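Visitor: I'm new to this one. Could you show it to me and explain the labels people put on it?
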Amino acid sequence: WIEIVGIARDSKYASLSEAASPVIYLSLAQTHETGVTLYVRSAGAAGPLIASIRREIQALEPHLPVPDTRTMAQTIVRYQLVHAMSQRAPSPPRQC
C-alpha cells in the first residue's frame with residue numbers, strides 16, 4: 001500500500017514551462033529522493049514564516065541542512081532569468 005499525503009489538480013512538477021497536470025505526493029518514507037523541496041502557502045510575510053519553518057526543521061533533524069529558502073516570486077523570477085539567458089546565449093565562434 002502507499003500513503004498519499006497530497007494531491008494537486010494542476011501542478012507543474014519539473015519546470016514552469018511544462019503543461020500543468022494532476023500530481024499526487026507520497027510521504028518521504030515511501031520514496032527515495034536526494035533533494036526535497038518544501039512549498040508553503042501563507043497570507044503573511046515570508047520572512048518570519050521562513051525563520052519559523054527553518055527552526056522547526058532543525059528541531060526535527062538538527063543535522064539536516066536547509067540551504068536555500070526563497071519565496072515563490074523569487075523562484076519564478078530566477079527561472080525566467082535563466083530561461084531568458086539561455087535563449088540569448090551566443091553562438092559558438094565560426095572557424096575560418
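**Why these labels?**

Guide: Happy to. Keep in mind that this is a predicted model. Let's begin with isoleucine 7, found in strand β1.

Visitor: Why is isoleucine 7 called exposed?

Guide: Its relative accessible area is 70%, and exposed means over 50%, so the label fits. Isoleucine 7 also belongs to a nonpolar surface patch with Ile2, Ile4 and Ile24, and together they have about 420 Å² of accessible area.

Visitor: Serine 11 lies in strand β1 too. What makes serine 11 buried?

Guide: The cut-off for buried is under 20%. Serine 11 comes out at 13%, so it counts as buried. Setting aside neighbours within four places in sequence, serine 11 is in contact with Ala19, Ala20, Ser21, Val23 and Tyr25.

Visitor: How do you know that the side chains of serine 11 and tyrosine 25 make a polar contact?

Guide: The contact is 3.3 Å, and the limit is within 3.5 Å, so that distance qualifies.

Visitor: Why is the pairing of aspartate 68 with arginine 78 called a salt bridge?

Guide: Their closest N and O atoms are 3.5 Å apart. A salt bridge needs them within 4 Å, so this pair passes. Aspartate 68 sits in the loop between α1 and α2, while arginine 78 is in helix α2, so the bridge ties together parts 10 residues apart in sequence.

Visitor: What makes Asp68, Arg70 and Arg78 a network?

Guide: Aspartate 68 also forms a salt bridge with arginine 70, at 2.3 Å, so salt bridges link Asp68, Arg70 and Arg78.

Key:
Residues numbered from 1 in each chain as written. Predicted model: local features only at pLDDT ≥ 70, side-chain atom pairs only at ≥ 80, totals over all residues. Heavy atoms only, no water. Helix = DSSP H or I, 4+ residues; strand = E, 2+ residues; numbered from the N terminus. Buried < 20%, exposed > 50% of the residue type's maximum accessible area, 1.4 Å probe, protein only. Polar contact = N/O pair within 3.5 Å; in protein donor to acceptor, adjacent residues only side chain to side chain. Contact = heavy atoms within 4.5 Å. Patch = residues over 30% accessible without salt bridge, like charges linked within 9 Å, V, L, I, M, F, W, Y side chains within 5 Å. Areas by Shrake-Rupley, 256 points an atom, 1.4 Å probe, with all protein chains shown as cover. Salt bridge = Lys/Arg side-chain N within 4 Å of Asp/Glu carboxyl O.
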